[in-house]
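Trainee: Please take me slowly through one part of this model, and then show me how its surroundings are put together. I would like each term explained as it comes up.

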Amino acid sequence: MESLNFLTPELAQQAADTLGTPVYIYSRDTIEQRCQEVLNFPNAYGFNARYALKANPHLAVLKLIDRMGLHFDASSEFEAMRCLHAGIPAEKIQLTGQQFPRKHLKEIIDAGVLFNACSLRQLDEFGQAYPGANVSFRINPGTGSGSNRKTNVGGPSASFGIWHDQADQVAEIAAKHNLNITRIHSHIGSGSDPEVWKAVAEMTLAQADKFPAVHTVNLGGGFKVARMSSEKSTDLQEVGEFVKQVFVAHAAKTGNEYKLEIEPGTYLSANCGSLLCDVDDITNTGDDGYTFLKLNTGMDTITRPALYASEHPIVILNDNTETTNYVVCGHCCESGDMFTVDENDNLTTRELNTANIGDLVVIEGAGAYCASMSLKNYNSFPTTPQLLLDSGEFKVIQQPQALKDMLAVEIIPELS
Ligand SMILES: Cc1ncc(COP(=O)(O)O)c(C=O)c1O
């Protein structure tokens, strides 16, 4: 059975009394602790940490992380704009996007946001717009990490970055536009194997040597976080020591001492957030079937279980000493709206406190890729509001969405 992270049953009740359920709750203390752990990453020749804000881009979260001294990695021009809106200095923001900016390029680059080209075409477009500028490029080092195709973002089946043997073309495009390649970047996915980090660090450093102006090597994010008690988190100190030794050995061989950057998303935010909801219904499909625990939240609010078969701890807040094996499902009219499935999409059951309708339920590990990656307004459920737990007090950081706001952008045209 799983347990609560930073909430207590009393705090959960207080949160439910503040905004009702479902509601996301983030812990300021946990965010700050995680930032400190990341800032302590071992390094040999200087270090910078960026927060990959795709994990949780709420303005309040950005502000807290900014105050802890981290920089930011934005995955679209809109995320870069969001950082600027939060008051983050442009020079602390890097843009690493699958899509070249179409709307805000001038606004963000003129402000001082760093550009990280993720394809040869992006590098060329950037060079045409900003000849002579400093720029970074993302390399696909040819290998990846992560438990499946959806979480592995390196190697031949990943479209992210410039393939590792196209460095000559990078150099040609850079020369054509007089660009200065000052940083190089790789991000291979989510895993915790130090050997994979070491291998990718070695490959990325070898690429960096091809560009004399490079001073910083960014190894991306992907540090695994244990959400379930059966999982194991990456030991940042262990991975960091491995990576540090690679940088030191490389410098001894080549004389090139690179500054290290990493950009975790999950590590910083996953266990800083909880989703509080309640039991809406309990049904069953007979003696040979299942008992379904239906929550008043679902894939409109949290997609990781449906998208990645990800497991999140589920804690029923009652004092019941009896347990039941439940299939836990969401409130959307979708057979895919399930919280308990295996990686082959088969239903599984979870042993939980035997529940009553109305019991509060906490879904843990909901701080990363949950609010940010939700299927907002599916089945016209309103967007889930958000609270920040700060020094024992709940602060509303996102209001519940009113139905009128959901409908405000839709237009019924004149119909003949
Ligand atoms: C370029 C880049 N950097 C960093 C991250 C953060 O990864 P994680 O949340 O696994 O740490 C991602 C996530 O997809 C990414 O695409």
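Mentor: Where domain 1 meets domain 2, 16 residues of domain 1 are in contact with 21 residues of domain 2, contact meaning that two C-beta atoms, placed from the backbone, lie within 7 Å. The largest share of the side of domain 1 that touches domain 2 comes from helix α2 (residues 28–39), which supplies 4 residues. The domain assignment gives domain 1 as 28–264 and domain 2 as 271–401, bounds that come from an automatic or database assignment, and the C-alpha centres of the two domains lie 32 Å apart. This is a predicted model, in which local features need pLDDT of at least 70 and side-chain atom pairs count only at pLDDT 80 or more, while totals for chains, interfaces and linings use all residues. Residues are numbered from 1 along each chain as its sequence is written. Helices (H or I, at least four residues) and strands (E, at least two) are DSSP runs, numbered from the N terminus.

From that meeting place we can turn to helix α1, which spans residues 9–19 and has Ala12, Ala15 and Leu19 buried. A residue is buried if 20 or more other C-beta atoms, placed from the backbone, lie within 10 Å of its own, exposed if 12 or fewer, and partly exposed in between. The three buried residues lie on the same side of α1 because they cover an arc of only 60° around the axis, the arc being that of the directions from the helix axis to the C-beta atoms. On the other side of α1, by contrast, Glu10 and Asp17 are exposed. The buried residues of α1 pack against a set of strands, namely β1 (23–27), β11 (273–284), β13 (314–317), β16 (360–363), β17 (386–390) and β18 (393–398). Glycine 20 follows α1, and its phi is positive, near 75°.

Helix α4 (residues 77–85) can be read in a similar order, beginning with its buried residues, which are Glu77, Glu79, Ala80 and Cys83. These residues line one face of the helix, because they fall within an arc of 160° when α4 is seen down its axis. What the buried residues of α4 pack against includes both helices and strands: α3 (59–67), β3 (71–74), β4 (93–95) and α5 (105–111). After α4 comes glycine 87, whose phi is positive, near 90°.

Strand β3 also leads us to β2, since β2 and β3 run parallel and are joined by 3 bridges, where pairing of two strands requires that DSSP find at least two bridges between them. Within this pair, alanine 52 has aspartate 73 of β3 as its bridge partner. Strand β2 (residues 47–52) is likewise joined by 3 bridges to strand β10 (residues 259–262), and these two run parallel as well. Here phenylalanine 47 is matched with leucine 260 in β10.

A last stop, within domain 2, is threonine 323, which is found in strand β14 (residues 323–329). Threonine 323 counts as partly exposed because it has 14 C-beta neighbours inside 10 Å. Leaving aside neighbours within four places in sequence, threonine 323 is in contact with Glu351, Leu352, Asn353 and Thr354. Arginine 350 lies 27 residues from threonine 323 in sequence, yet the two are 9.7 Å apart in space, C-alpha to C-alpha.
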